[in-house]
Structures are given as C-alpha cells and as structure tokens.
Amino acid sequence: MTNDKLGHCRWLMPPPAVGGHLAGISVPPFFTQLLQNRGVSDPAQVDPFLKVDDRLLNDPFLLPDIDKAVTRLQQALLSGEHVAVYGDFDADGMTATAVLVQGLSRLGATATPYIPHRVEEGYGLNNSALKRLSSQGVSLVITVDCGISNAPEVEAARSMGVDVIVTDHHTVPPHLPPAAAVVDPKRADSRYPFPRLAGVGVAFKLLEALFISLGHNSDMHDFLDLAALGTVADMEPLLGDNRYLVKHGLDVLRDSSRLGLQEMARCAGIPLASVDTEAISWTLGPRLNAAGRVEHALVGYEILLTESPDEAQRLAAILESRNAERQKITEAVLEKARRKLEAKGTDSLLLVVGDDDFHSGVLGVVAGRLADAWHRPVVVYEKGSKWSRASARSIPEFDVVAAFTDCTDILHRYGGHPMAAGCTVATERLPEFEERLLAIAESQLSSLDLRRTIAIDADVPLSCLNGDTFGMLQKLAPFGSANPYPTFITRNVAVKHRRNVGVNGRHLKFKFKDGNAVWDGIGFRMGSLAGEVTSRLDIVYNLEVDQWRGDEILHLNVLDFAAVS
C-alpha cells in the first residue's frame, strides 16, 4: 500500500488491481479493486466469495491434532465419561462453550460447562478449577478459546488423572502444552488453510469432525448462529471459513429459536429479524461480554441455551443491568486513565497506565478506547498488592503479544493476539515491565507516522456511483474485520455548500459537485474542521443509504478531507 498524507488521517491506498473481468462476469474496475483488496485476485475465488457457499469451508481434518481429539472424544462417548468444556469469559468463549456442550449432549455425553470468574480466577485453566472438576468425576476437559498457554496446568491435570484436549486460536507459545490433543490453526505445523478462526470457529470445526467420524446426521446448521456471534464479537476477519460461518449464521440468528437471544434483542430494542454484524458488534456482543466483566460470565452462557421463557427474561434483564453497570465503570476508569496519562505525558510511543482501583473487567475496553484516541499501543493494568493484571490493545504497526513474549522472563503469564493481549505481572516488577515495553516500542515505531489510518479501497469519480453501485457493494457483505464496508476517495471535488449541523454544530453537512454528479454528504464530529473546508477538496467517504419518507436516499458519509492546493 502507498500512503497519502494530505488528510487529517493517514490515507492508505491499495496497489492497483489488474483486469476488469473476473470469473467470466463483467464488473466495473473499482469492484475488481474491492475484491483484490479482500484477497480475492484469483478468478476461481470470485464466485465462492460472492455466493458465500460451502466452497469457502475447509476440511476440519486438516487442523492439527484433530484426529487425536476426535479419537479421544469417541472414547469418552463410548465409556460414558464425564466431560467438562472449559471456556473463556468473553462472547467468543461463551459461544464456543455452548457449541460443544450442546453438540456433545446431542451425542449422549454428560457435558458440563466451566467458565472461570474473571477477577477471582483469571483467564485460562487454573489448578483449583481442575481439582474441583476432577472431584466431580470429570475425566476429560476440553478447553475452548483458551489453554494454549497453560502447559503447567495441563501437566497438573494429567497428574490428577484428567486428560485435556486444548482447542484455541490464540498465538502459539514456543512449547505446546502436554495435552491429549492441541487443536489450534495457528500452530506452525497446521495444514489448515485459514488460520484466523475464532475460538468458537475451532470448537465448531471440532464438533463437525466428530459428527463426520460418527456418521451422525446432526446438522451443524443449528450451531451457525453461535459461530456468527462469537466470530464477530471477537473481531476475527470475515474471510474464508469465517465469511461462510457469519453469513449463514446471521440467517439462522435472524430466525433463531433460542429464547435467550430473542429476549436479549427485545430488551436491547433491536429487531432480531434484521440483525447484522453491526448489531452483534455494538449491541449483542457487548451484552454477552458484560456478563463476565462485572460479575460471573455464566449468565451469558446460560442465556444462549435456556429453553425457559421465564429464565430467558430473567437472564436478559440481568445482562441489561450488567451492561449498564459495565458502561458506568468503563467511563469512570477511562476518565481517570486519561487524566493520569495526560498528567504523565502522552508523547511516548506506547502508553502504560494503571491504578489499584481500576476494575479488571474493563481494562481491555479502556485500553481499546485509549489506543483509538491516541493511535498508540496502550497497556492498562489493575495494580494489586502482589500481582497486577494488565490488558493491552495495539495498532497494526505493533504486535503486542510479541512484545509480551520479549518480556517472558518478568511475566507470570500472558497470551492473546497481535492487536489484543493480556498478562499478569508481579507488582514490584511493573516499572521494569513498562521500561521494557517502551524500549521495544521505541525500536519498532520511532520512524513511523503514527497518525490514525484510513484504508481506502478505490479512487472513483462521483459520477460512477449510483443505486446500482450500492446494490453491488452489498454483495460483499457481511462486513467486518478484514472486509470493511468499502471506502472511496474522490479527488478535486467542488464544494457547493457546507454548514454546521447538530448540537453545537458538531457535524458538517456538505453538497458536492463532480462533473454532472451532485451529492449530499455528512461529516460526523467534523464541526470543528469547518474552517479548513475550501472550494475544492479531496474527500474520503463511504456510500450510505437513508430512509426518508419511504424513499431510500444515497449520501456520502465523509470520513476525512483535504484541501486541494
């Protein structure tokens, strides 16, 4: 990609696409560009991508250790073993737990869910939980969305006579845990073509492999709604398998028979029949996540599987209350963290902030908000008397889990993804931890332009855009990570009119003219930039549709602009 630095953000332009005809269908050049930007450059890929059919799915038996996992599960089913599914306290972990518990139960297994308490137990396997499960007669534990970094705990489980199957999607450490099977598409020896499954995606593929091996006629279709929820909530790329799981999972979700999801949507004030990835990201996902951020996450798991209308109402009301409490706690911690950082100075290439009264359940959310605001990697920690817990959110230019790996010698435990990770560190070593992270960031980021970036899909004249264009763009849905809603740039556009609108003139409303094409545009939260608007602009925008008196009206959602000199 090339950079265009004229705007308020850094504009990233893709390398130009080659050819205007793909897979025998004629498409405009800009649509060819959109496909290439999403990794679809081979004509054979176009039809499966646009039709979102099962050609996007990969064989589950290509996952590492999947045969071992299936064999061990078959053994458990034949001998009637008590199985525990050990999940995580976020939406991905809850949905993954629900997939395996429901799927194994259909096969006649005794399957018990276990989700640790975020504050009291922390992320991943812990020995106390394993002892409790063992005392309850559990002889096989299947981890979902966790476990890859829990080698000591897996070894401890073995000493108790408990086998462990690890299913995870997080970054793989140098040494695998000594489990009966370790199923993670990110393993270096994995033959699975798509490494970016969510935790629920890995659980889904394990269940699929088990069903296939048993010649079972159960339909994986029933689990697609859970797969879509967890995949979108965990912000995994909506390409490959994930594109299929989310597209068809949304169809199942819109007609869901799950009483808890129906009640969640009703309480949140959204029509389940028209739910999309945005509704999951901003409404359903946060409510599920709120369960574990404030108290115990088991409520979020239970609402996914309840068959009682009264229970669905009760659980949805709890999630509404916890989500409201989570928002209140988040704003308080965010405000205090911002003040502390501003007092400390925000010129560093990596920001670290913490306090003993920061609620551990919102550390990641706060880190994400601060990283968005300053476009810097941010680490936020809750300072404890002996141990401190930290969550980090990063920017594309900085792999935070790799940075944590470079600090292994001073961390008690850590794990995550390049853009989001967590760790536990001895409180007395916090200054050293911060110093090490700052040195790593300095070595990697000092020569980079760290303004917020906007990835632009194509350079198009406004005259190329119309209702047919909008309809064509919808073929790229579902939108999300790695498949964002298309963003365009049009250069040297005439500004016929602009005015401030909204409370205190917070937004900017435009009228643009490009040749014979005239378009309305709105720049949200751009009111303070009104003085920078000149008679001709380069504009970066999305194409959106508004409902107005029964009509659908297209307009431009302006993301950035730069004066034409």
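The following paragraphs describe the strand pairing, helix packing and selected residue environments of a predicted model.

An open sheet is formed by five strands in the order β6-β5-β7-β8-β9, and the pairing within this sheet is parallel. Its edges are β6 and β9 (181-183), each of which pairs on one side only. On average, neighbouring strands of the sheet are turned by 20 degrees against each other, direction ignored. Within this arrangement, strand β7 (residues 138-144) runs parallel to strand β8 (residues 163-167), and five bridges join the two. One position in this pairing is V141, whose bridge partner in β8 is V164. Helix α3 (residues 66-79) lies across β5 (82-86), β7, β8 and β9. The direction of α3 makes an angle of about 145 degrees with that of β7.

Antiparallel pairing is found further along the chain, where strand β11 (residues 378-382) and strand β12 (residues 387-393) are paired over five bridges. The connection from β11 to β12 is a hairpin of four residues. In this pair, V378 is placed opposite R393 of β12. Strand β12 is also joined to strand β14 (residues 420-426), again in the antiparallel sense, through seven bridges. The bridge partner of A390 in this second pairing is C423 of β14. Strand β12 thus has pairing contacts with β11 and with β14.

Helix α12 (residues 298-305) contributes five named residues to the interior: V299, G300, Y301, I303 and L304 are its buried residues. The elements that cover these residues include the helices α4 (91-106), α8 (224-233), α10 (259-268), α11 (277-294) and α13 (309-344). Strand β6 (110-114), an edge strand of the open sheet, is also included in this cover.

Helix α8 contains V232. With a relative accessible area of 6%, V232 falls under the 20% limit and is therefore buried. Beyond its neighbours within four places in sequence, V232 is in contact with V246, T277, I280 and S281. The C-alpha atoms of V232 and A367 are 19 Å apart in space, the two residues being 135 residues apart in sequence.

The loop between β6 and α5 (127-135) holds Y123. Its relative accessible area of 31% lies between the limits of 20% and 50%, so Y123 is classed as partly exposed. When residues up to four places away in sequence are not counted, Y123 touches D88, F89, D145, C146, D168, H170 and R413. For H170, the interaction includes a polar contact of 3.2 Å between its side chain and that of Y123. V70 is 53 residues from Y123 along the chain, and the C-alpha atoms of the two are separated by 26 Å.

A second side-chain polar contact concerns R10, which is placed in strand β2 (residues 10-13). R10 has a relative accessibility of 9% and is counted as buried because this value is under 20%. The side chains of R10 and E397 are joined by a polar contact of 2.8 Å.

Some backbone geometries were also examined. Most residues other than glycine have a negative phi, and most peptide bonds are trans. V52, which is not a glycine, has a positive phi of about 50 degrees. This residue is found in the loop between α2 (43-51) and α3, and V52 is buried at 1% relative accessibility. R525 is likewise not a glycine and has a positive phi, in this case of about 60 degrees. The position of R525 is in the loop between β19 (517-523) and β20 (536-548). In contrast to V52, which is buried, R525 is exposed, with a relative accessible area of 57%. A cis peptide bond links A477 to P478, with omega near 5 degrees. P478 is placed in the loop between α17 (467-473) and β17 (488-501).

Notes
Residues numbered from 1 in each chain as written. Predicted model: local features only at pLDDT ≥ 70, side-chain atom pairs only at ≥ 80, totals over all residues. Heavy atoms only, no water. Pairing = 2+ DSSP bridges. Buried < 20%, exposed > 50% of the residue type's maximum accessible area, 1.4 Å probe, protein only. Contact = heavy atoms within 4.5 Å. Polar contact = N/O pair within 3.5 Å; in protein donor to acceptor, adjacent residues only side chain to side chain. Axes fitted to C-alpha atoms, helices over the stretch in contact; angles between N-to-C directions.
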